[in-house]
Amino acid sequence: MIWIDGVLVSPGRGGAFGGRMLQGHRIWDPYRSKLSALYHLGKGVDLQPEMRVLYLGAAHGTTVSHVAGYVDTVYAVEIAPRPMQELLEVARARSNIVPILADAARPEEYAPLVEGVDLIYQDVAHPDQTRIALRNRPFLKEGGRLILMLKTRSVDVSAPPETVAARAADALGARYAILASTWLVPYHRDHAAFVCEALK
């Protein structure tokens, strides 16, 4: 990862959506990107040039574009047509983003389009986020990693976030070893991040 004077940046030309630049690099804002927040908290997975990434919940493509600045290929899955329009614009400017309009809860829809990946990054507002992570596990290569951004309020608004996170950790244990977990404070409220390694 590239840090300049304590600021996380990504390589690549131009800032997406008017993003700020620093010494020719794009600033990756931890308050706008949960993945950037995870790096600022010292828990992220180093992105390498040879990596392929399956990104679930691509939204408008801002964080996707930062990831694409580091890795070989990003398969960017988004279910909603409106943000997909902006994601398509981001993908037009970068040759290594494969935008896919599909439901991350139904990986069979995009399985023919996706190669084995080194990292799954999941940031999906859904009541059953762990099931999505489990269903997408077959895309990971041996030793591959999962980063799950758990939106606890999307899972159960009535339960304490700590309870929701504990339930998620139990469920993930069926197919992943949890390497690290953390809350994304002070950058994002009620969001827990899990960094996991795929079990055989």
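Two strands are taken to pair if DSSP finds at least two bridges between them, and with that in hand one can say that the bridge partner of Leu 54 in β8 is Ile 120. The structure described here is a predicted model, and the bridge just named belongs to a parallel pairing of β5 and β8 that extends over four bridges. Strand β8 also pairs in the parallel sense with β9, over five bridges, and in that pairing Leu 119 stands opposite Arg 145 of β9. Five of the six residues of β8 are buried, so the strand is largely enclosed by the rest of the structure.

From these strands one can pass to the nonpolar interior. The largest nonpolar core has 32 residues, and those with the most contacts inside it are Leu 47, Val 67 and Ile 147. At least two residues of this core come from each of α1 (34-40), β5 (52-56), α2 (62-68), β6 (73-78), α3 (81-92), β8 (117-122), β9 and β11. Apart from this core lies another, of 30 residues, which includes Ala 102, Val 114, Val 117 and Ala 133. To return to Val 67, and leaving out residues up to four places away in sequence, this residue touches Trp 28, Leu 35, Leu 47, Val 53, Tyr 55 and Val 74.

Helix α6, residues 161-172, offers a view of how a helix is set against its surroundings. The helix has 12 residues and reaches 16 Å from its first C-alpha to its last, close to the 16 Å expected at 1.5 Å a residue. Its buried residues are Pro 161, Val 164, Ala 165, Ala 168 and Leu 172. Seen down the helix axis, the buried residues of α6 fall within an arc of 95°, so they line one face of the helix. An α-helix has 3.6 residues a turn, so residues three or four places apart point the same way. On the other side of α6, Glu 162 and Asp 170 are exposed, while what covers the buried residues includes α4 (129-135), β9 (140-151), α5 (152-155), β10 (176-183) and β11.

Strand β11, residues 191-198, contains His 191. At 16% relative accessibility this histidine counts as buried, because the cut-off for a buried residue is under 20%. A polar atom of the His 191 side chain lies 2.7 Å from the backbone oxygen of Arg 189. Not counting residues up to four places away in sequence, His 191 touches Lys 34, Leu 150, Lys 151, Thr 182, Trp 183 and Leu 184.

The beginning of the chain holds a separate topic, an open sheet of four strands in the order β1-β2-β4-β3 with antiparallel pairing. The edge strands, each pairing on one side only, are β1 (2-4) and β3 (21-22). Strand β2 (residues 7-10) and strand β4 (residues 25-27) run antiparallel and are joined by two bridges, with Val 9 standing opposite Ile 27 in β4.

Beyond β4, in the loop between that strand and α1, is the place of Tyr 31. At 52% relative accessibility Tyr 31 counts as exposed, the cut-off for that class being over 50%. Leaving aside neighbours within four places in sequence, Tyr 31 is in contact with Pro 186, Tyr 187 and His 188. The C-alpha atoms of Tyr 31 and Glu 89, which are 58 residues apart along the chain, are separated by 23 Å.

How values were computed:
Residues numbered from 1 in each chain as written. Predicted model: local features only at pLDDT ≥ 70, side-chain atom pairs only at ≥ 80, totals over all residues. Heavy atoms only, no water. Buried < 20%, exposed > 50% of the residue type's maximum accessible area, 1.4 Å probe, protein only. Polar contact = N/O pair within 3.5 Å; in protein donor to acceptor, adjacent residues only side chain to side chain. Contact = heavy atoms within 4.5 Å. Expected span 1.5 Å × (residues − 1). Arc of directions from axis to C-beta. Core = buried A, V, L, I, M, F, W, Y, C linked by side-chain atoms within 4.5 Å.
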